[in-house]
Amino acid sequence: MTEVPQPPKPAAPAAPAVPAGRSIDEIKRDPLVARACERAGDAIISAKEFAGEISLTVARDRIVEVAKAFRDDGFNYLVDLAGVDYSKFPNWSGDQFGVSYTLYSFSKNDRVRLKVTTDENTPIPSVTSVWKTANWHERETFDMYGIAFEGHPNLERILMWEGFNGHPLRKDFPIRGIDTGARIYPEVFPEGAGPQPGSTGKDVKDVNIYKGPWVHYGSWPAAEIAARAAEGGQPPAPELAGVVADTAQPTEDAPWHDPEKTLPERMELAKDGSLKDKLFAAMAQTDCTACGWDCEGYAAALASGESTDITLCVPGEDETESMLKMLMAGAGK
Amino acid sequence: MFDVHEMEVNFGPQHPSTHGVLRVILKIDGERIIDAKPIIGYLHRGTEKLFENMSYPMCIPHTDRMDYVASATNNLGFVETVEKLMGITKQIPKRAQLMRVMLSELQRISSHLLWLATHAIDIGAMTPFFYCFREREQILDLFEEYCGARLTLNCMRIGGMPDDLPPGWLDDVEKFVDKFEDAVDEYESLLTNNRIWKKRTVGIGVISPEEAIDWGITGPPLRGSGVEWDLRRAQPYECYSELKFDVPIGKNGDTYDRYLCRMEEMRQSNWILKQCIPLVKATPAGDIKAKISRVVRPPEGEVYHSIESPKGELGYYIVSDGKSQTAYRCHVRPPSFVNLQALPAMAKGHLVSDLVALIGTIDIVLGEVDR
């Protein structure tokens, strides 16, 4: 079949356009698919043509029968098998998931596409008995969409790891990922932190809030170094440097020193305080020592002019930086 | 449970001859492989998810990073699929088509050179590596001259090419193709009749044509089994129908035949390049872009389109909702992924050292397998 791509349609016709091409019965009589359709044509629900390619939608429970009919008619090469999540497709009313099988016939030198739709819970019969190559393709579709294939010899995840939570190519899976750290490092990440499927992605920052001790090789709290030097001892070993940091507790003097609170909450608590208090409240409150001080020390250094670099607070990210910038500008520094 | 002689060992993922991060769980009896189970996904970056979240032109650099030793063909497959979706395949100017063909044939040679170098070094032949990289370097220089990049080229656009050829580029290509034929002879003189090479490759990993098709194998591994099928010939895209070239096929479907096929393919690609040079010179300079809208918003529909990449059939399946400038779904059919699936079938009964030869002969790139 020669390739006759359709010209782009004019912009947005109000009503869904009547398929300009051939009807389903005409497509079934196309020499490309006629023989296979004779055997299993009644399983074909609808047919479509686009850009010179024929797509046939097949009843889900009869896909193996149709696949065999096509294979016996020369379509012995399964080119591709891909899942699609239609849940965000405009004006879509069918099942949530679709699976496309692209077949190729060496003798006819042309391709045909079979399509099956399903929902989250209904498995599709596997075509691994028809084409061996379907094995990995179906595993990939299962991995990415959670579509189950009945009769598959080894339906495991293939690209994601075993134990991964979620199916990445579903439309409700956030592009920045979900918190898989909680599953792998439950002692470090709180369960359920980070964005969840269906979230808007605004909570994604939680992924980076590391609640455990921070270990920063080569940067110590200034106070700790001074204390050690005064005692004539050595600076702490790199592995131990973070241990001193795990002291982020709200105190009477600094009620905002609580990593659980949000920045506006902390600023509210510190609104009557001195510049140092406000700066202190703007920090991430993790006492991570990435800046070289604990949170209070950094705030004091900024307030006294010992440091003028407002970009050092790593866990606070842009939020802290812009607040520090505002406070420093307000104080005329 | 296990037979007392059997044991299970991990091959990779951190092993130099897995060509990346491929892990194979081997069940072996002494040195003989009883079963092999490839574990992939270590390099999964969610490329298809990214495609759903960026406009079509923004996807092109991401295609570079799939088969990162053959990025020009990845670009070609993607832009052609979008062009097919938009129905502008026929509008691409001749000069742009020829440039695409030239870049992808240069890329095919460079990909095959990398394959030969690493395949030979895996099997134990050190010398071909240096010879192959000598020529590959020249090709990368040609890429650099054209688009500034050597590996991730991002050298094609929907509707044409980003830039015209720099002055003198065709002469440089001419200099290269004149010498390259001799270079292939040189590689062959090192390997083709080498007794050790033959002992390590003849009869290893035999796969019959029927089985190859059943496994969906494409590219040189399919042709090595004796199936004369090349997408450039079967479904010519760009201007391949006007160019002369042969499709080399093997007889026995073993590692040696696949080696011979790829060697001949390099010669054929060289021949195609030779034909292209006068044809490009005959086209008007600067005519490299179709006159299409700057905003790529294809109509509602779905297409599958594939090209012959150095590894096999590289296909893209794009679903467009007709309303946005973003693909609703873009699935990549990577040849390495599908070809790798047949590894257990090929490896059964061979020695562990042959597995190294088999991974080399399938010519996988894990960036493409895992996407």
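Reader: How many of the 30 residues of helix 4 of chain B are buried?

Author: This is a predicted model, in which local features need pLDDT of at least 70 and side-chain atom pairs count only at pLDDT 80 or more, while totals for chains, interfaces and linings use all residues. Residues are numbered from 1 along each chain as its sequence is written, and chains are lettered from A and ligands numbered from 1 in the order in which they are written. Helix 4 (helices being DSSP runs of H or I of at least four residues, strands runs of E of at least two, both numbered from the N terminus) is largely enclosed by the rest of the structure, because the number of its residues that are buried (20 or more other C-beta atoms, placed from the backbone, within 10 Å of their own) is 28.

Reader: How far apart are the end C-alpha atoms of helix 4 of chain B?

Author: Helix 4 of chain B covers residues 94-123, and at 1.5 Å a residue (times one less than the number of residues) it should span 44 Å. The distance in the model agrees with that expectation, the end C-alpha atoms being apart by 43 Å.

Reader: Which residue just after helix 4 of chain B takes a positive phi, and which one does so just after helix 4 of chain A?

Author: Just after helix 4 of chain B, a positive phi of about 125° is taken by Gly124(B). Just after helix 4 of chain A, the positive phi is about 75°, and the residue is Gly146(A).

Reader: How is helix 4 of chain B oriented to helix 11 of chain B, roughly parallel or roughly antiparallel?

Author: Helix 4 of chain B packs with helix 11, residues 255-282 of chain B, with axes 9 Å apart and at an angle of about 155°. Because an angle over 145 degrees counts as such, helix 4 of chain B is, relative to helix 11 of chain B, roughly antiparallel.

Reader: Which helix of chain B is among what covers the buried residues of helix 4 of chain A?

Author: Helix 4 of chain A is mostly covered, with twelve of its twelve residues buried. The cover includes strand 3, strand 4 and strand 7 of chain A, together with, from chain B, helix 12.

Reader: Which element gives the largest share of the side of chain A that touches chain B?

Author: Between the chains, 36 residues of chain A are in contact (C-beta atoms, placed from the backbone, within 7 Å) with 39 residues of chain B. The largest share of the side of chain A, six residues, comes from strand 3 of chain A.

Notes
Two residues are in contact if their C-beta atoms, placed from the backbone, lie within 7 Å. Axes are lines fitted to C-alpha atoms, for helices over the stretch in contact, and angles run from 0 to 180 degrees between N-to-C directions. Angles under 35 degrees count as roughly parallel, over 145 as roughly antiparallel, 65 to 115 as roughly perpendicular and the rest as oblique.
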